[in-house]
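Please work through the exercises below with the sequence and coordinates at hand. Each task is followed by a solution in steps.

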Amino acid sequence: MPNRTGFLGRTLAAAGTAAALALATAVPAAAAPSTVEQDVAQLYQDVVDLYNGLPASALRGVDRLIESPVQKIGPRSRAAQDPIPGCTEGSLLTYANKLASQLTPLEGQALDALSGLSQLYVQGVASDKTPQVFGTDGQYTPRATDTIDKLRGFWDIESWNIQLVAWKGTDLGSQAKMAQTFGLGLAPAKVKDAAALAVKVLYEVPALQGGRNPLLTLNAFSAPAGSLGGKRVALGDGLLDTVNVLGFDDVSVESVVGHEYGHQVDFAHENYPRNESSEMGPDAYGGYFVAHTKGFGWNARTQQEVTYLDASIGDCFHSHGTPDQRKAAGAWGEKQATSQGNPNRIVPSATMIEKFQKAYPKLMPPAAEQAAAAPVAAARG
């Protein structure tokens with residue numbers, strides 16, 4: 001069985017948490033570990049073992065909204081390690097990393113393990129066959145259900161089997177749900193104890209707030225048909241809470257779900273770009289949807305707010321696109337809707353992908369070119 005501990009690190013970092021810690025560093029060598037430290041270390045190992053026990057295809061193609069620039073376990077390319085000169089990461093990433101910096105190493109390790117566990121629950125166990133509640137207090141449920149309904153009727157892809165599921169940290173408090181999650185890949189004899197330990201750690205580490213720490217679910221993702229749980233879009237409570245704090249509440253649900261559904265558009269056409277356009281494309285499709293008469297038909301001011309939300313998620317590590325790239329992609333998509341001759345016509349999804357791939361190089365130069373140009377610009381200055 002291939003080792004996927006490295007993937008665990010990438011998954012845990014993706015929500016803006018502190019870097020996943022090696023077990024050996026969790027406890028100072030000179031001190032006897034406390035009961036809490038032992039519990040957290042054991043839970044972390046259980047989650048690592050769970051990920052290592054998953055089928056090889058379980059996580060293939062899953063695309064998370066946020067790829068944090070914090071250090072990750074496992075090999076990384078030099079391009080992915082070095083920040084882009086002159087780039088400032090988006091406000092959402094800045095805020096998430098500030099929250100993560102306030103955690104102690106023990107709290108960070110517990111949060112990493114439980115965040116990874118909660119992602120597996122919402123990806124492989126949760127189902128929209130049961131009522132989904134979006135937002136920590138259910139406040140976003142009507143908007144989320146309205147958005148997915150509109151998207152299913154808007155894009156010309158198979159949509160009946162694309163689930164929209166709520167990613168909730170409080171699910172970690174259910175021993176039954178955690179047992180189902182550990183059952184996806186952990187040795188059967190360990191499942192019951194691991195599930196009980198997950199619930200115990202959730203409540204014995206106060207910083208986790210019983211599952212309401214936003215870092216636990218500060219993300220959203222889209223998964224293709226061949227992955228664990230099948231086609232779905234997951235929307236994290238922590239992400240919605242954070243976007244609200246940053247002032248984007250008016251457009252949060254519609255923008256994020258529209259973006260994640262954009263990945264489903266790419267999946268349907270087997271379009272998997274190996275550059276920043278893999279994220280900028282869904283920004284563009286989402287922008288087209290919210291501005292289109294048969295989508296939400298939002299006005300110019302609200303469309304602009306969407307592009308600023310896109311920018312807030314931009315990073316500086318040759319990963320998901322810089323803030324300027326993300327903003328430009330969203331604005332391009334909105335323009336396609338507002339400038340077309342027939343406002344009621346919806347461009348076929350295959351055509352939209354083709355149009356965007358042609359436009360992509362002109363919107364913003366690839367991050368690698370920006371990095372190469374930065375020293376030249378500095379020298380001229």
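**Exercise 1. Identify which residue of S4 stands opposite Ala166, and place the pair in its sheet.**

Solution. In this predicted model, Ala166 stands opposite Leu235 in S4. A second pair is formed by Trp167, whose bridge partner in S4 is Gly236. Five bridges in total join S2 to strand S4 (residues 232–236), and these two strands run parallel. On the S3 side of S4, the pairing is antiparallel and extends over four bridges; there, Phe221 stands opposite Ala234 in S4. The complete sheet is open, has four strands in the order S1-S3-S4-S2, and its pairing is mixed. Its edge strands, each pairing on one side only, are S1 (63–64) and S2 (163–167).

**Exercise 2. Determine which strands are touched by helix H9 and which by helix H10.**

Solution. Begin with helix H9 (residues 237–245), which packs on the sheet and touches S2, strand S3 (220–223) and S4. The direction of H9 makes about 50° with that of S4. Next, take helix H10 (residues 252–268), which also packs on the sheet, with contacts to S1, S2, S3 and S4. For H10 the reference strand is S3, and the angle between the two directions is about 25°.

**Exercise 3. Decide whether the two faces of S4 are covered or open.**

Solution. Take one side first: Arg232, Ala234 and Gly236 are buried. On the other side, Val233 and Leu235 are buried as well, and both faces are therefore covered. Five of the five residues of S4 are buried, so this strand is largely enclosed by the rest of the structure.

**Exercise 4. State which residues have the most contacts inside the largest nonpolar core, and examine the surroundings of Trp155.**

Solution. The largest nonpolar core has 99 residues, and Leu114, Trp155 and Phe182 have the most contacts inside it. Helix H5 (residues 105–124) gives the most to this core, contributing eight residues. For Trp155, set aside the neighbours within four places in sequence; the contacts are then Tyr261, Val265, Tyr285, Tyr288, Val347, Ser349 and Met352.

**Exercise 5. Compare three salt bridges by their sequence separation and by the exposure of their residues.**

Solution. Side chains of opposite charge can pair when their charged atoms come close. With a cut-off of 4 Å between nitrogen and carboxyl oxygen, the count comes to 11 salt bridges.

*Step 1.* Arg152 forms a salt bridge with Asp149, with the closest N and O atoms 3.8 Å apart. The two residues are three apart in helix H6, so about one helical turn separates them. Arg152 is partly exposed, at 25% relative accessibility.

*Step 2.* Arg212 and Asp137 meet through their side chains at 3.5 Å, N to O. This pair links distant parts of the chain, 75 residues apart: Arg212 is in the loop between helix H8 (188–204) and S3, while Asp137 is in the loop between H5 and helix H6 (141–154). Arg212 has a relative accessible area of 41% and is partly exposed, whereas Asp137, at 60%, is exposed.

*Step 3.* Arg326 and Glu279 form a salt bridge at 3.9 Å, N to O. Since Arg326 belongs to helix H13 (residues 323–339) and Glu279 to helix H11 (residues 277–291), the pair ties together parts that are 47 residues apart in sequence. Both Arg326 and Glu279 are buried. They belong to a network of salt bridges that links Glu279, Asp283 and Arg326.

Terms used. Residues are numbered from 1 along each chain as its sequence is written. This is a predicted model: local features need pLDDT of at least 70, side-chain atom pairs count only at pLDDT 80 or more; totals for chains, interfaces and linings use all residues. Side-chain values use heavy atoms; hydrogens and water are left out. Two strands pair if DSSP finds at least two bridges between them. Contact means heavy atoms within 4.5 Å. Axes are lines fitted to C-alpha atoms, for helices over the stretch in contact, and angles run from 0 to 180 degrees between N-to-C directions. A nonpolar core is a set of buried Ala, Val, Leu, Ile, Met, Phe, Trp, Tyr and Cys residues joined through side-chain atoms within 4.5 Å. Buried means under 20% relative accessible area, exposed over 50%, partly exposed in between (1.4 Å probe, protein chains only).
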